[in-house]
Amino acid sequence: MKPTPRFPVLTIALLLSALTAPAQINLLEPHFAFEPNLAYDASIPSPDSFLGYQLGEEFTLYAHVEAYLKKLAEASDRVAIGTYGETYEGRKLYRLAITSAANQARLEELRQQNLRLANPAGLNREEAEGLISSLPVFTSFSYNIHGNEASSTEAAMQVAYRLAAATDEATEKLLEQSVVIIYPCINPDGRDRYVYWYKGMRRHVTGKEPRDLEHYAPWPNGRTNHYWFDLNRDWVWGVHPESRGHTREYQRWMPHLHADYHEMGYNNNYFTMPGTTPRNKLLPDAYEPLTDTIGQANAAAFDQNKISYFTREAFDFFYPGYGSSYPSVMGAIGMLTEQGGIAGGVAIETDDKYVLTFRQRIFDHYITSMATIRKAAERKEQFIRYSYEAHQPEKSKSSTKAYILKNNDNPYLPEVLRILRHHGVQVEQAEAGFTLSASGYRQGKTEIRTFDKGDYVISANQPRHLLLHSVLARNLAIEDSVMYDMATWSAPLAYNLEAYATEQALRVQTKPVEEAGPAEGTLVNAGAQYAYAIEWKQRYAPKALAKLWEKGYRVRAVRKKFTNGGHAFGPGSLVVLLGRNREKLDNVQEDMEAIAKSAGVTIIGLDSGRSREGIDLASRDSRPLKQPRVALLVEEPFSTYTCGQIYFLFDRETELPVERVRTSILKQTALPRFGSRYGYADLNDYDVLILAGGGKDLEKLFPPEQQKTLKEWLEAGGTLVATESAAEFFTKEKSKIAEVELVEAPKDTTRAGAFVRYEDREDYEGEQNIPGSALLAQIDNSNPLAFGLEEQLYALKFGKSALKANAKLETVGYYARDARELLAAGYASEANLKLLAGNVFAAVQPVGQGRIVYLLDNTQYRMFWRGPSRMMQNAVMVVPGM
């Protein structure tokens, strides 16, 4: 007898679903119509008429957004359009200024008058009150800074059209009282990456099922910019052209309110202000109530339209590099909105079986945009007065009167000065030496100190006091150990500057410092007889090395210091021996001049190989450096952000070729050489392999058999650079390649965590972690991994992992041994500080002829935590040759 066929339960469920599901979903439900009763000027094109579809039916390509906005500005006398920059991929960045026709006719005058309120020195109270009462309120919006949070650019088009074309009296009055600044898409590179992918994956029958392919954009997805950076963490640092452009444009207008538009996971309801703790305690007391004024307006609009939302229980605004917090430290009311919708496509079924459409996501952003504009106009004097008063330094809550940056050879000092000047901070330089009581950042001790002529002084007595305190202070007050982002970002710590803060008034003559240009290169003793040398401490020395390799020079790096030709050179300094590059002699001077100029370094010509002090130029400690073949593994399970930072560091700053190799094509077995021709990458084709995180999934990527192959590659001379969780994987506890051990946290014998109330568990777990804090670290800068670094720097710590020191492990960076001195800024519990004190975060483990480089902390975090970043360049460019 044959058994009765049986279908799996899942198969039956899927069949029933297919039989009962409707053929299509209504993507344009009437409830989400954009104010349908308004009358519009028929001569002004709507997004629907211009694009050929209704918003929400399709994702709009950026080129079509760009074309529509240009057409809108051409058709309406209420709209002015301008560009403020360009992305890496060549897309123009646009800003709209929308106001009444009468205001447009005098827009430049209004803009200049508003800037007077943002720089109130010399403005008496009567003049200020006259401007406060007469000016329109300036309200700005940044949309789509995360490329795959795509609904806000669509909403921006509808908001712009509604303001440009509505003919009712209320709109006329609204625009008389408002200048609305719209940045319709901050990140068009990321947006188009996502939109093009989605259009290619979209089904004809709407794919509302959450597991469908169209809801799973591949690594690195569209959130980030071209270099896989989160632009919503870059408002202060300006690493990328998108950020430098929009913050420069922001300062041309200095709005009184700014709202930053985002999306989150599609199962979440809409978030609107206010947010949660921790908050920047330097902000004026009126900040929270005024954000709630807008939050209440948004909530009323949602109540009317039966839109689900929440407030106050998520999203802190502590870190100043967000689009919601940067405006706040620039004297405005900075705000955030978050719509559920990431990965939602044009429709998706949420966990409560509700079908969330793209149209609703656009609609929700549209109604909060309009509610914000209306409420800002209604309370315009209140918001303008807040901004005016926020720029008055006498109202500062900080007791610090000035910050002092020593004018030394720190390679990142010019970058910090550039950042400050870019944001309108006045920087001065002392014209004489001076003495006062000041607190040093290294130990936090306050004592009488003497400073030199040429040291940089940033007085807090200036309109940008909120920003400069938020960025330069060693530590800010923290209300809460649970962070949305990080606990510290102090620029002097991040860039490892010698910095001081004083509560005394400065009594020294100073001169203003303008924004510094790019580093200028110099060739000294151009017609050298014996060699050329480059001090490795220079910021762009790695770039010079890459250019020397590119031109085919044989280059050496010294392992010990020397003095030659009246110049001192430290470990890691580069030496080009003319006798080893005889075929280059006819062009060497021209090449050195070109490299010095293009890399922005000083190259010193030397006439003798005999050094006055230290090693000679051709010493055994002057080691040949061969250009390595480098692979950076990308795709899952590796961190998009860390991969992007490393990619940027080498591609943009160093200009060294680094191949981004997909994990899916890497073959670790001994393949024949034709393997790569058929789409595979052979590990044996590379000298250096970089792994950026990866976590527990590294066990799948490197099972025991593959670990054996990887170890053979290492023993044959390969260099493995393991960062963050990848460094944890290559330890005795987790793999079979090295005997390096992780520090183990002591077990909680008190069982304190066993009886934590459910409502308190998040806070309890936050206290057990280190949420991005600065820890004082000691560096062995005689090790090639740390060539060019100082003996102390600040490591940025997330989590609590560290390595145990042992005699076979080359310890390069370790946390300060005294737990009481370890925490420089941020938050860390006493138990975690004791756990980490004296343990290792950067090390080299020899494996046969090769080595594993351990970097447990991100050494180039967001490309602003630069103090330790030379370690990554050394790991790739120097360590393999040593």
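The following dialogue examines how several descriptions of this predicted model are justified.

Biologist: What makes the radius of gyration of the protein agree with that of a compact globule?

Modeller: For 882 residues, the globule rule gives a radius of gyration near 29 Å, and the protein has 29 Å; the value therefore agrees with a compact globule. Along the principal axes, the C-alpha atoms fill a box of roughly 100 × 85 × 70 Å. The protein contains 27 helices and 38 strands.

Biologist: How do you know what share of the residues is buried?

Modeller: A residue counts as buried when its relative accessible area is under 20%. Of the 882 residues, 60% count as buried. As for contacts between residues at least 6 apart in sequence, 78% of them join residues at least 24 apart.

Biologist: Why are strand 13 and strand 14 called a pair?

Modeller: Pairing requires at least two bridges between two strands. Strand 13 (residues 434–440) and strand 14 (residues 446–451) have 6 bridges in the antiparallel sense, so the requirement of at least two is met. One of the bridge partnerships joins Thr 435 to Thr 450 in strand 14. The two strands form a hairpin with 5 residues between them, and Gly 444 in the turn has a positive phi of about 75°.

Biologist: What makes strand 16 a partner of strand 13?

Modeller: Strand 16 (residues 499–502) shares 2 bridges with strand 13 in the antiparallel sense; as at least two are needed, the strands therefore pair. Gly 440 has Tyr 500 as its bridge partner in strand 16.

Biologist: Why is strand 13 described as mostly covered?

Modeller: The cut-off for buried is under 20% relative accessible area, and 5 of the 7 residues of strand 13 are buried. The description "mostly covered" rests on that count.

Biologist: Which strands pair with strand 23, and how do you know?

Modeller: Strand 19 (residues 531–534) is joined to strand 23 by 4 bridges, and the two run antiparallel. Strand 20 (residues 555–558) is joined to strand 23 by 2 bridges, also antiparallel. Both counts satisfy the rule of at least two bridges. Val 575 of strand 23 takes part in both pairings: Ala 533 stands opposite Val 575, and Val 575 is the bridge partner of Arg 556.

Biologist: Which way do the side chains of strand 23 point, and are they buried or exposed?

Modeller: In a regular strand the side chains alternate between the two faces of the sheet. In strand 23 (residues 574–577), Leu 574 and Val 576 point one way, Val 575 and Leu 577 point the other way, and all are buried.

Biologist: What makes an empty space a cavity, and how many cavities are there?

Modeller: In a cavity, a 1.4 Å probe fits but cannot get out. There are 3 cavities of 30 Å³ or more, and the largest has a volume of about 60 Å³. Its lining includes Phe 318, Arg 474 and Trp 489, and the lining divides into 5 nonpolar, 4 polar and 1 charged residues.

Biologist: Why is the other kind of space called a pocket?

Modeller: A pocket is an open set of points with protein on both sides. The largest pocket has a volume of about 1200 Å³. Of its 37 lining residues, the closest to its centre are Glu 415, Pro 518, Ala 519, Arg 539 and Tyr 540. Elements giving two or more residues to this lining include helix 15 (413–422) and strand 24 (602–606). The lining of the largest pocket divides into 16 nonpolar, 8 polar and 13 charged residues.

Technical notes:
Residues are numbered from 1 along each chain as its sequence is written. This is a predicted model: local features need pLDDT of at least 70, side-chain atom pairs count only at pLDDT 80 or more; totals for chains, interfaces and linings use all residues. Side-chain values use heavy atoms; hydrogens and water are left out. Buried means under 20% relative accessible area, exposed over 50%, partly exposed in between (1.4 Å probe, protein chains only). On a 1 Å grid over the protein atoms alone, a cavity is a set of points where a 1.4 Å probe fits but cannot get out, and a pocket is an open set with protein on both sides within 12 Å along at least five of seven lines; lining residues have an atom within 4 Å of a point. Grid points are joined across faces, edges and corners, and a volume is the space filled by probe spheres set on the points. Ala, Val, Leu, Ile, Met, Phe, Trp, Tyr, Cys and Pro count as nonpolar, Asp, Glu, Lys and Arg as charged, and the others, Gly among them, as polar. The radius of gyration is taken over C-alpha atoms; the globule rule is 2.2 Å times the number of residues to the power 0.38. Contact means heavy atoms within 4.5 Å.
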